[in-house]
Amino acid sequence: MGAAAPPPPQYPPQYPPQYPPQYAAQPASGLQENVAGLLCYLLGWLTGIIFLLIDKRPFVRFHAAQSIVVFGALFLLRLILVFAWVGSYYGGFFGIHVLVSMLLSIVTLIAWVVLMVMAYQGKRFEVPIAAGIARSLMGSVQ
């Protein structure tokens with residue numbers, strides 16, 4: 001017994017071809033939600049801005065906005081610390097700036113790893129103060 005014959009082609013053919021639902025509404029980035037959420041944190045506030053502008057899914061937009069807020073604030077703190085260090089270099093407070101800079105680096109590394117892992121796991125982990133600001137930011141950018 002032979003295999004069943006394939007169904008005859010439809011005339012006229014359907015244009016555009018009908019794809020399964022999981023492929024119908026691909027985002028601009030073309031990535032799965034959790035991978036895009038992880039990438040929002042990859043380069044800190046820079047990738048946050050990029051994903052906030054190109055991806056319209058709420059999960060990704062939240063992580064992009066939170067990346068902008070968290071790593072933007074840490075970047076500003078580091079910038080302030082550099083200017084304070086330059087100003088006080090001649091004043092003799094060199095040691096405290098090195099200590100604060102090291103602590104800030106450790107906080108940044110921990111936040112970076114935790115936020116990337118949580119986003120990859122599909123969790124909407126909210127940093128206490130930054131999440132509220134991120135929600136308002138993701139609502140204001142359309």
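Let me start with the surroundings of Leu115: in this predicted model, and leaving aside its neighbours within four places in sequence, Leu115 is in contact with Tyr41, Gln66, Val70, Phe71, Phe125 and Val127. Leu115 itself sits in helix α5, and with a relative accessibility of 2%, which is under the 20% limit, it counts as buried. I would also point to Gly37, which is 78 residues away from Leu115 in sequence, while the two C-alpha atoms are 9.1 Å apart in space.

From Leu115 we can move to the largest pocket, since Leu115 is one of the residues that line it, along with Val70, Phe125 and Val127, which we have just met as contacts of Leu115. The rest of that lining is made of Val69, Ala73, Leu74, Val107, Ile110, Ala111, Val114 and Ala130. The space inside comes to about 170 Å³. Which helices supply at least two residues each of the lining? Those are α4 and α5, the latter spanning residues 94-120, and it is α5 that gives the largest share, namely five residues. If we sort the lining by class, we find twelve nonpolar residues, with no polar and no charged ones among them.

Let me stay with α4, which runs over residues 58-88 and holds His63. Is His63 buried or exposed? His63 has a relative accessibility of 0%, and therefore it counts as buried. Its contacts, again without the neighbours within four places in sequence, are Gly37, Cys40, Tyr41, Ala119, Lys123, Arg124 and Phe125, so that Tyr41 and Phe125 appear both here and in the list for Leu115. His63 can also be set beside Ala134, as the two are 71 residues apart in sequence and 8.2 Å apart from C-alpha to C-alpha.

Val82 belongs to α4 as well, but here the accessibility is 41%, and because that value falls between 20% and 50%, Val82 counts as partly exposed. The C-alpha atom of Val82 is separated by 8.7 Å from that of Ser101, which is 19 residues away along the chain.

Now to helix α3, residues 45-54, where Thr47 has its place. Thr47 is buried, its relative accessible area being 8%, and its side chain reaches the backbone oxygen of Cys40 at 2.8 Å. Beyond its neighbours within four places in sequence, Thr47 is in contact with Leu39, Cys40, Tyr41 and Leu42, and I note that Cys40 and Tyr41 are also contacts of His63. The buried residues of α3 are Thr47, Gly48, Phe51 and Leu52. Seen down the axis of the helix, these buried residues fall within an arc of 135 degrees, and so they line one face of α3.

Finally, let me step back to the chain as a whole. Its secondary structure comes to six helices and zero strands, and from the N terminus on the elements therefore read α-α-α-α-α-α. Of the 142 residues in the chain, 29% are buried, and Leu115, His63 and Thr47 are examples of residues in that class. As for contacts between residues at least 6 apart in sequence, 66% of them join residues that are at least 24 apart.

How values were computed
Residues are numbered from 1 along each chain as its sequence is written. This is a predicted model: local features need pLDDT of at least 70, side-chain atom pairs count only at pLDDT 80 or more; totals for chains, interfaces and linings use all residues. Side-chain values use heavy atoms; hydrogens and water are left out. Helices (H or I, at least four residues) and strands (E, at least two) are DSSP runs, numbered from the N terminus. Buried means under 20% relative accessible area, exposed over 50%, partly exposed in between (1.4 Å probe, protein chains only). Contact means heavy atoms within 4.5 Å. On a 1 Å grid over the protein atoms alone, a cavity is a set of points where a 1.4 Å probe fits but cannot get out, and a pocket is an open set with protein on both sides within 12 Å along at least five of seven lines; lining residues have an atom within 4 Å of a point. Grid points are joined across faces, edges and corners, and a volume is the space filled by probe spheres set on the points. Ala, Val, Leu, Ile, Met, Phe, Trp, Tyr, Cys and Pro count as nonpolar, Asp, Glu, Lys and Arg as charged, and the others, Gly among them, as polar. A polar contact is a pair of N or O atoms within 3.5 Å; within protein, one must be able to donate a hydrogen and the other to accept it, and residues adjacent in sequence count only if both atoms are side-chain atoms. The arc is that of the directions from the helix axis to the C-beta atoms.
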